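Colleague: Could you take me through the interior of this model, the part that is packed away from solvent? I would like one connected account that I can follow with the coordinates open.

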Amino acid sequence: PDSKNIVLLNNAAMAKLETGKMDEALVLARKARALAPKDPIVADTLGWIIFKSGGSQQEALELIRSAMIAQPRNTEIRQHAAALARAMEQ
């Protein structure tokens with residue numbers, strides 16, 4: 001958590017998400033976002049974690065949308081956007 005390495009923070013956030021440690025994942029993802037506010041991968045990670053942890057769908061949508069605009073061909077970002085869109089339709 002004390003790292004300033006964006007890739008490490010981002011990957012650690014996803015690892016925490018995958019192990020069900022949503023609060024820790026969110027802290028790491030928000031720290032990565034603060035260090036790299038324009039990085040689309042970081043935006044996607046934070047948006048995905050917010051979505052998966054039951055946070056604000058609007059915030060998740062804005063983050064994932066910005067990531068998709070920056071990297072429209074990124075398969076993982078597109079998958080996250082589609083999953084979020086399906087959830088918002090329900």
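Modeller: Happy to! Buried residues account for 33% of the 90 residues in the chain. Keep in mind that this is a predicted model. The surface exposes about 5500 Å², and carbon and sulfur atoms supply 53% of that area.

Now for the framework around the interior. The chain has 5 helices and 0 strands, in the order α-α-α-α-α from the N terminus. Its radius of gyration is 12 Å, close to the 12 Å that the globule rule gives for 90 residues, so the chain is as compact as a globular protein of that length. The C-alpha trace spans about 40 × 25 × 20 Å along its principal axes. Of the contacts between residues at least 6 apart in sequence, 48% join residues at least 24 apart.

On to the core itself. In soluble globular proteins, nonpolar side chains tend to be buried together. Here the largest nonpolar core has 24 residues, and Leu 17, Trp 48 and Ile 49 are the ones that touch the most other members. At least two residues of this core come from each of α1 (6-18), α2 (22-35), α3 (40-52), α4 (57-70) and α5 (75-89). The largest share, 7 residues, is supplied by α3.

Ile 49 is a good place to zoom in. Not counting residues up to four places away in sequence, Ile 49 touches Ala 13, Met 14, Leu 17, Met 22, Ala 25, Leu 26 and Ala 29. Leu 17, also named among the core residues that touch the most other members, is thus one of the partners of Ile 49.

Trp 48 leads us towards the C-terminal helix. His 80 sits in helix α5 and, since buried means under 20% relative accessible area, its 6% relative accessibility makes it count as buried. Beyond its neighbours within four places in sequence, His 80 is in contact with Asp 44, Trp 48 and Ile 64.

For a contrast, have a look at Arg 65 in helix α4. Arg 65 is partly exposed, at a relative accessible area of 46%. From Arg 65 to Ala 43 the C-alpha to C-alpha distance is 8.9 Å, with their positions 22 residues apart in sequence.

Finally, a word on charge: the chain has 12 positive and 10 negative side chains, and the centres of these two sets lie 4 Å apart.

Methods: Residues numbered from 1 in each chain as written. Predicted model: local features only at pLDDT ≥ 70, side-chain atom pairs only at ≥ 80, totals over all residues. Heavy atoms only, no water. Helix = DSSP H or I, 4+ residues; strand = E, 2+ residues; numbered from the N terminus. Rg over C-alpha atoms; globule rule 2.2 N^0.38 Å. Buried < 20%, exposed > 50% of the residue type's maximum accessible area, 1.4 Å probe, protein only. Contact = heavy atoms within 4.5 Å. Areas by Shrake-Rupley, 256 points an atom, 1.4 Å probe, with all protein chains shown as cover. Lys, Arg positive; Asp, Glu negative; His and termini not counted. Charge placed at Lys NZ, Arg CZ, Asp CG, Glu CD. Core = buried A, V, L, I, M, F, W, Y, C linked by side-chain atoms within 4.5 Å.
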